[in-house]
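Let's take a walk through this protein together, one helix at a time. Have the sequence and the 3D view open as you read.

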Amino acid sequence: MLARTYRLRKNSDFQRLYKSGKRFATPSLVLYYAPSKLDYSQFAMVVSKKVSKKAVTRNTLRRRVSALVEESFNSITTPTKAIILIRRDFSATTPADLKKEVQTLLAKVVV
């Protein structure tokens, strides 16, 4: 799990990213991102109840994506604020496919 410092928590940050942040999507994930004025990047993972009514499933999806972001966190050179929106239940997806999809999203942040 990302350290608390590296997680987005303010509602104003969420609203700003949804409203004016750049957007990039893959089949099961959406990335909203914008440059940050801080010296480090901040991320948030969001899973809607439309994806699954069960909190256990939503939290599992959030943790899987968070772990992959944490693995690649040091490769992000430009300070960025980002939200990763999980569109669908990918419980049956292989870890390699999910990792490839997350790395595709994070490549947009690095550019």
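## A buried aspartate and its helix

Asp-13 has a relative accessibility of 10%, so it counts as buried (buried means under 20% relative accessible area, exposed over 50%, and partly exposed in between, with a 1.4 Å probe and protein chains only). Before we go further, note that this is a predicted model, where local features need pLDDT of at least 70, side-chain atom pairs count only at pLDDT 80 or more, and totals for chains, interfaces and linings use all residues. Residues are numbered from 1 along each chain as its sequence is written, and side-chain values use heavy atoms, with hydrogens and water left out.

Asp-13 sits in helix H1, residues 11-20 (helices are DSSP runs of H or I with at least four residues, strands are runs of E with at least two, and both are numbered from the N terminus). Setting aside residues up to four places away in sequence, Asp-13 touches Leu-8, Gln-42 and Lys-81 (contact means heavy atoms within 4.5 Å).

Which residues of H1 are buried? They are Asp-13, Phe-14 and Leu-17. These cover an arc of only 100° around the axis, which puts them on the same side of H1 (the arc is that of the directions from the helix axis to the C-beta atoms). Over on the other side of H1, Asn-11, Lys-19 and Ser-20 are exposed. The cover over the buried residues of H1 includes E2, E3 and E4.

## Helix H2

Now for H2. Its 18 residues should span 26 Å at 1.5 Å a residue, and its end C-alpha atoms are indeed 26 Å apart, which agrees (the expected span is 1.5 Å times one less than the number of residues).

In H2, the buried residues are Thr-57, Arg-58, Leu-61, Val-65, Ser-66, Leu-68, Val-69 and Ser-72. Looking down the axis of H2, you'd find them within an arc of 165°, so they line one face of the helix. Turn to the other side of H2 and you get Val-56, Arg-63 and Glu-71, which are exposed. Among the things covering the buried residues of H2 are E2, E3, E4 and H3.

One partner for H2 is Val-47, which belongs to strand E3. Val-47 counts as buried because its relative accessibility is 9%. Leaving out residues up to four places away in sequence, Val-47 touches Arg-58, Leu-61, Arg-62 and Ile-86. Val-47 and Arg-62 are 15 residues apart in sequence, and 6.9 Å apart in space from C-alpha to C-alpha.

## Helix H3 and how it meets H2

H3 covers residues 95-110, and its 16 residues should span 22 Å at 1.5 Å a residue; the end C-alpha atoms are 22 Å apart, which agrees. Buried in H3 are Leu-98, Glu-101, Val-102, Leu-105, Leu-106 and Val-109. They cover an arc of only 130° around the axis, which puts them on the same side of H3. Ala-96 and Lys-100, on the other side of H3, are exposed. What covers the buried residues of H3 includes E1, E2, strand E3 (42-47), helix H2 (55-72) and strand E4 (80-86).

How do the two helices sit against each other? H2 and H3 pack at an angle of about 60°, with their axes 10 Å apart (axes are lines fitted to C-alpha atoms, for helices over the stretch in contact, and angles run from 0 to 180 degrees between N-to-C directions). That makes H2 oblique to H3 (under 35 degrees is roughly parallel, over 145 roughly antiparallel, 65 to 115 roughly perpendicular, and the rest oblique). From H2, Arg-64, Val-65, Leu-68, Val-69, Glu-71 and Ser-72 meet Pro-95, Leu-98, Lys-99, Val-102, Gln-103 and Leu-106 in H3.

## Two more residues to find

Thr-26 is in the loop between strand E1 (22-25) and strand E2 (29-35). Ignoring neighbours within four places in sequence, Thr-26 is in contact with Arg-87, Glu-101, Thr-104 and Leu-105.

Pro-35 is found in strand E2. Not counting residues up to four places away in sequence, Pro-35 touches Arg-16 and Pro-79. The C-alpha atoms of Pro-35 and Val-109 are separated by 8.9 Å, although their places lie 74 residues apart along the chain.

Here are the accessibility values side by side:

| Residue | Relative accessible area | Buried or exposed |
|---|---|---|
| Asp-13 | 10% | buried |
| Thr-26 | 10% | buried |
| Pro-35 | 67% | exposed |
| Val-47 | 9% | buried |
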